[in-house]
Structures are given as C-alpha cells and as structure tokens.
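Q: Can you walk me through this one? I'd like to start with whatever sits around the DNA.

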2 protein chains.
Amino acid sequence: MMEHDIFRALADPTRRTIFEKLANGSMNASALRQGMDISQPAMSQHLAVLREARLVREQREGRFVNYQVDPDGLALIAEWLAKYRAYWPTRIDALKLLLKDMDQ
Amino acid sequence: MMEHDIFRALADPTRRTIFEKLANGSMNASALRQGMDISQPAMSQHLAVLREARLVREQREGRFVNYQVDPDGLALIAEWLAKYRAYWPTRIDALKLLLKDMDQ
DNA sequence: ACAATACATAAGCACAAACTTATGTGATTC
DNA sequence: GAATCACATAAGTTTGTGCTTATGTATTGT
C-alpha cells in the first residue's frame, strides 16, 4: 500500500536525514553523501525506498541523477493526519504553527 | 528519539489499524483484538510501542486497561510536516482538506 | 574505442523487529 | 482465599531491514 510505503520509508533515521537534506535544496546522489558516512550503494538503496514512497523524485541530468522532494508523499501524510483532526485541538501550539504556515 | 519512535510505530500496518480503531472510540485491549486475528501478547506489545510513541494513552479501570488516542503523538507529526510546508502548495486537494477541517 | 564517472542492482550477512509459548501480576468474583 | 479474568513481561524463533562487497549500466571524456 501507498500509505505503508511512506511510513516505512520514514521509519529509518538515515532516510529522514536524506529527505531533510533534499528539502533544503535538490541534489544528486553523490552530493547527498557528503558528510554522511554512507556507502554509495546504501545511498542508492535509500533513495529507491524514498522514491517508491513518492517522497522523492529523480531527474536524469547527464550521468548525474538529481533528486528533489516529491510533494505527493507529503500530501499523503497530510491526508492521513487529517483523518484524526478530531484529536488535534488539545495540543494548540503545533496546530498554530500549521495554521500560521498555511494562511499565506 | 521521539520523532523516531512515532514513525517506527506507524511503520507497522497492524499498529496503524489499532490506532485507527482507537480513533473511532477508546477501547480496552481485548475489545481491540475483536476481528483482528492477533494474539493477546502481540496486542499488548503493539500497544506498548504505540504508548512509547505517545500515540496512545492507557487508563486503568479495574482489571481492564482502557486505551485512547494521545494527541501528543499526532501533534509531533504535525510539527514534522510543518517543517516541509514549502513543498505543500503543489498538491492543492489535500491542503484544502486540511484547511476545511481546521476552519471550524 | 576505451577509460572514467555516477549511479543501480544482486547476493549475502548481521541485526532488529514481530511473532510465538510460557509465565507473571494485579484486580475481581465466588 | 482460590479461581478467574485482563493484561504485561520473558525467552526463543522467524522474518524483515539495512548494510556490505561485487558487478552491471548509462553517460561523458579522450
């Protein structure tokens, strides 16, 4: 399932780090490895998992492959979260953050 | 880490089902097992993981333990999601859902 | 055409996670 | 107070996940 792929992908701390890096700007696989102490195949495998979860998109550019955040994955998380909106109001601070960000 | 516990907890389909059940009304562990083909210890272990992730709260009631959704966990997901708001606008439908739910 | 670069894929191993059976604990009932 | 019920915990087994080394596949440069 789609939803399953997303949560499974984000369950790994290394993949969350990769995703966060890409959120700060698109990069190719080699650039992502900088300062991460991770092998080339491991990075490639992580990116494949993130791709399958639609959290990340690839774009061939010559012999490089540029990676960027795929909004589809995030939207699916937002949808999942929306299902439980009934339980949100009790924690106001985080919700204010969300509302503030969306009102613009 | 806190964030890690949450994503790890939600990575398991059985735990997501349990969480979803609890979102439709608090229940004790035995009631949760109904129609789930899961052993008593397995259920207990899943609930422990959800508890550690602050996705679920327990409340002793005699010899029963009533479980309910803990908003804290959801709030943490919302905070995580908010960090990537820059990538939301491209998928409008899901955002409209969120906004509609929150405007009331 | 050949070498080098950037990345993907395959196969195997090590560890973690989810299950099992067995047993423990606390509360209720008789 | 003994039995029962609801649940937690322990220990062991199996399955899954992430790594490694090795190799494959495009693309570029000479």
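**Around the DNA**

A: This is a predicted model. The surface near DNA strand D is made up of seven nonpolar, nine polar and seven charged residues.

Q: Which residues come nearest to strand D?
A: Of the 23 residues around DNA strand D, the nearest are A:Arg15, A:His46, B:Ser30, B:Ser44 and B:Tyr67. Of the DNA strand D atoms within 4 Å of the protein, 63% belong to sugar and phosphate.

Q: What lies 2.9 Å from a base nitrogen of strand D?
A: A polar side-chain atom of B:Gln40. For phosphate oxygens of DNA strand D, there is a polar side-chain atom of A:Asp12 at 3.4 Å and a polar backbone atom of B:Ala29 at 3.2 Å.

Q: Which elements give two or more residues to that surface?
A: Helix 4 of chain A, together with helix 3 (29–33), helix 4 and strand 3 (64–69) of chain B. Helix 4 of chain B gives the most, with five residues.

Q: OK, now strand C. How many residues surround it, and which are the closest?
A: DNA strand C has 23 residues around it, and the closest are A:Ser30, A:Gln40, A:Ser44, A:Tyr67 and B:His46. By class, the surface near DNA strand C has six nonpolar, 10 polar and seven charged residues.

Q: Where does the side chain of A:Tyr67 lie?
A: One of the polar atoms in the A:Tyr67 side chain is 2.6 Å from a phosphate oxygen of DNA strand C. The side chain of B:Gln45 has an N or O atom 3.1 Å from a base oxygen of DNA strand C.

Q: Which element gives the largest share of the surface near strand C?
A: Helix 4 of chain A, with five residues.

Q: Switching topic: how many helices and strands does chain A have?
A: Chain A has six helices and three strands. Along the sequence they run α-α-β-α-α-β-β-α-α.

Q: And what share of chain A counts as buried?
A: 43% of its 104 residues. The exposed area of chain A is about 5600 Å², with 48% of that from carbon and sulfur atoms.

Q: Which residues touch the most others in the largest nonpolar core?
A: A:Leu55, A:Trp80, B:Leu55 and B:Trp80, in a core of 56 residues.

Q: What does A:Leu55 touch?
A: Leaving out residues up to four places away in sequence, its contacts include A:Ile6, A:Phe19, A:Val69 and A:Ile77. A:Gln68 and A:Asp70 are also among them.

Q: Why would nonpolar residues gather like that?
A: In soluble globular proteins, nonpolar side chains tend to be buried together.

Definitions and conventions. Residues numbered from 1 in each chain as written. Chains lettered and ligands numbered in written order. Predicted model: local features only at pLDDT ≥ 70, side-chain atom pairs only at ≥ 80, totals over all residues. Heavy atoms only, no water. Core = buried A, V, L, I, M, F, W, Y, C linked by side-chain atoms within 4.5 Å. Buried < 20%, exposed > 50% of the residue type's maximum accessible area, 1.4 Å probe, protein only. Contact = heavy atoms within 4.5 Å. Near = heavy atom within 4 Å. Polar contact = N/O pair within 3.5 Å; in protein donor to acceptor, adjacent residues only side chain to side chain. Helix = DSSP H or I, 4+ residues; strand = E, 2+ residues; numbered from the N terminus. Nonpolar A, V, L, I, M, F, W, Y, C, P; charged D, E, K, R; others polar. Areas by Shrake-Rupley, 256 points an atom, 1.4 Å probe, with all protein chains shown as cover.
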